[in-house]
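Open the model in your viewer and show the backbone as a cartoon. The tour begins with the whole chain and then moves to single elements.

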Amino acid sequence: MLSHEDNERLVRVGPGTEMGNLMRLYWIPFLASSNVKADGQPYRVRLLGEDLVAFRDSSGRVGLVDHACPHRGAQMAFGRNEENGLRCIYHGWKFGVDGQCLEMPAEPAGSAMPSRMRIKSYPVRERHGVLWTYMGPDADDPPPLPGLEWNLVPENQSVVTLRVQECNWLQALEGEIDSAHAAILHGRVDGGTVNQWRQAQDLMPTFECQQHDAGISIAARRKVDGDRNYVRVNQFLMPFWTLVPPQSQYPELSGHAWVPIDDEHTLCLMFSYHPTQTFYEKSRKVFKEGYKGRETGHASEHSFERRAVTVPYHTYWSKFNRGNAYQFDYQSQVEKYKAGLPGLWVQDAACQSGVAAIYDRTREHLGTTDTGIARTRRFLLEALKRLAAEQARPASVHAPDLFMVRAISVTLPRGGDWMEAGRELMKARLGQDFGYIP
């Protein structure tokens with residue numbers, strides 16, 4: 001159980017909130033590079049409760065600026081993107097990617113007003129087909145981008161997708177560090193591949209956690225094959241990253257950034273990658289198109305319903321949502337899929353989003369398999385306390401190599417030390433294969 005006060009501290013992310021202040025110390029992935037074209041249509045964004053617009057200028061530079069013109073509050077999403085700036089359609093004020101006003105057509109020639117006028121803006125960097133921004137206090141000298149392995153391998157070794165989820169960021173994140181649910185929620189009544197997952201052989205795992213400089217390793221130990229244990233180690237990395245181990249059937253690494261759009265919506269950036277080889281074309285196709293009308297771990301291109309261009313992330317809202325019960329089908333639940341929901345990520349999202357965008361955590365009754373969730377909450381609350389009381393920043397803010405971590409799935413003798421056996425395997429090194437057979 002989490003107190004109401006602590007839950008509020010963890011999920012409220014707007015300017016001036018404790019968690020918002022922590023999040024703003026890190027670079028935040030916020031959009032696919034392909035969503036903004038040079039001199040193309042601006043794209044509405046909301047991050048940590050702030051309304052913004054992204055655009056790419058004539059020179060290929062990307063800006064992230066306030067969604068409202070500082071003149072009279074007109075929508076910058078309607079702006080004309082031309083000649084290295086975004087021009088408000090109301091009176092023609094034009095701004096560069098750094099927020100500096102470049103032109104005010106209706107003001108007298110020689111006016112000093114343009115030079116004094118700026119629109120709020122945040123620095124943007126581009127890596128691995130993803131746009132990143134820094135919204136923190138060190139905009140003139142921001143920390144380095146995090147050294148996460150997925151965005152350092154060649155792009156042909158990975159798949160990255162985005163979608164919006166209707167709950168706060170922590171509810172979403174906690175679903176991925178809770179590997180006790182996997183074979184239960186994703187299981188089938190009629191057999192099938194999921195039922196063959198090794199974790200399906202033992203539905204009562206024991207959990208062990210180990211804190212490290214970037215976050216927490218969360219191990220689920222299962223009894224398999226007589227005297228052996230199958231151990232899956234998920235990773236939580238500050239401030240909103242999760243890493244998932246490979247399956248033997250699908251030898252790839254994956255995970256999410258659970259980026260807060262605001263207090264009640266999350267941008268779910270999912271990545272899957274192979275550390276040493278081109279990503280499987282068959283898997284890439286299934287992620288893109290879905291499988292026999294069902295969703296995989298990635299949101300397929302058919303799963304979205306477009307909204308108005310003034311709605312943040314208007315191309316990433318899903319047709320599977322709380323309003324239509326995520327297209328739950330009771331007959332399917334009886335005959336085929338235990339969840340009655342159309343695919344892996346939909347099953348997760350429906351449960352993570354729960355009955356409310358911010359669930360009352362005082363009503364929870366946590367069990368032994370929730371050890372990783374409880375430890376992660378304590379870890380985050382401690383980080384908030386240190387930042388507020390001592391201005392002490394987490395070590396990973398200025399140490400990008402601390403993110404070079406992997407989730408692993410290994411088989412050990414019963415009672416074997418997963419920390420010792422997995423110590424080197426959990427270190428991500430570019431160009432290094434798994435080091436074991438998943």
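How far apart are the mean positions of the 50 positive and 52 negative charges of the protein chain? They are 3 Å apart. Keep in mind throughout that this is a predicted model.

**Whole chain**

Keep the full chain selected. Its secondary structure comes to ten helices and 19 strands. The C-alpha trace spans about 85 × 50 × 45 Å along its principal axes. The radius of gyration is 23 Å, which agrees with the value near 22 Å that a compact globule of 438 residues would have.

Switch to a surface. The protein chain exposes about 18400 Å², and carbon and sulfur atoms supply 50% of that area. Of the 438 residues, 55% count as buried. Among contacts with a separation of 6 or more, 61% are between residues 24 or more positions apart.

**Strands E5 to E8**

Select 80-82, which is strand E5, and 101-103, which is strand E8. These are the edge strands, each pairing on one side only, of an open sheet of four strands in the order E5-E6-E7-E8 with antiparallel pairing.

Add residues 85-87, strand E6; three bridges join E6 to E5, and the two run antiparallel. Show the side chains of asparagine 81 and leucine 86: leucine 86, in E6, stands opposite asparagine 81.

**Strands E13 to E15**

Select residues 206-212, strand E13, which pairs with E14 in the antiparallel sense over seven bridges. The two strands form a hairpin with two residues between them. At histidine 212, look across to glycine 215 in E14, its bridge partner.

Now select residues 215-224, strand E14. Is this strand largely enclosed or open? Nine of its ten residues are buried, so E14 is largely enclosed by the rest of the structure.

Extend the selection to residues 228-237, strand E15, which is joined to E14 by ten bridges and runs antiparallel to E14. Within this pairing, arginine 222 has tyrosine 230 in E15 as its bridge partner. E14 and E15 also form a hairpin, here with three residues between them. In that turn, select aspartate 225, which has a positive phi of about 50°.

**Threonine 368**

Finish at threonine 368, in the loop between helix H8 (344-353) and helix H9 (371-390). Threonine 368 is exposed because its relative accessible area is 66%, and exposed means over 50%. Add phenylalanine 207 to the selection: the C-alpha atoms of phenylalanine 207 and threonine 368 are separated by 7.4 Å, although the two residues are 161 residues apart along the chain.

Note on methods
Residues are numbered from 1 along each chain as its sequence is written. This is a predicted model: local features need pLDDT of at least 70, side-chain atom pairs count only at pLDDT 80 or more; totals for chains, interfaces and linings use all residues. Side-chain values use heavy atoms; hydrogens and water are left out. Two strands pair if DSSP finds at least two bridges between them. The radius of gyration is taken over C-alpha atoms; the globule rule is 2.2 Å times the number of residues to the power 0.38. Buried means under 20% relative accessible area, exposed over 50%, partly exposed in between (1.4 Å probe, protein chains only). Contact means heavy atoms within 4.5 Å. Accessible areas come from the Shrake-Rupley method with a 1.4 Å probe; for residues, only the protein chains shown count as cover. Lys and Arg count as positive and Asp and Glu as negative; His and the chain ends are not counted. The place of a charge is taken as NZ of Lys, CZ of Arg, CG of Asp or CD of Glu.
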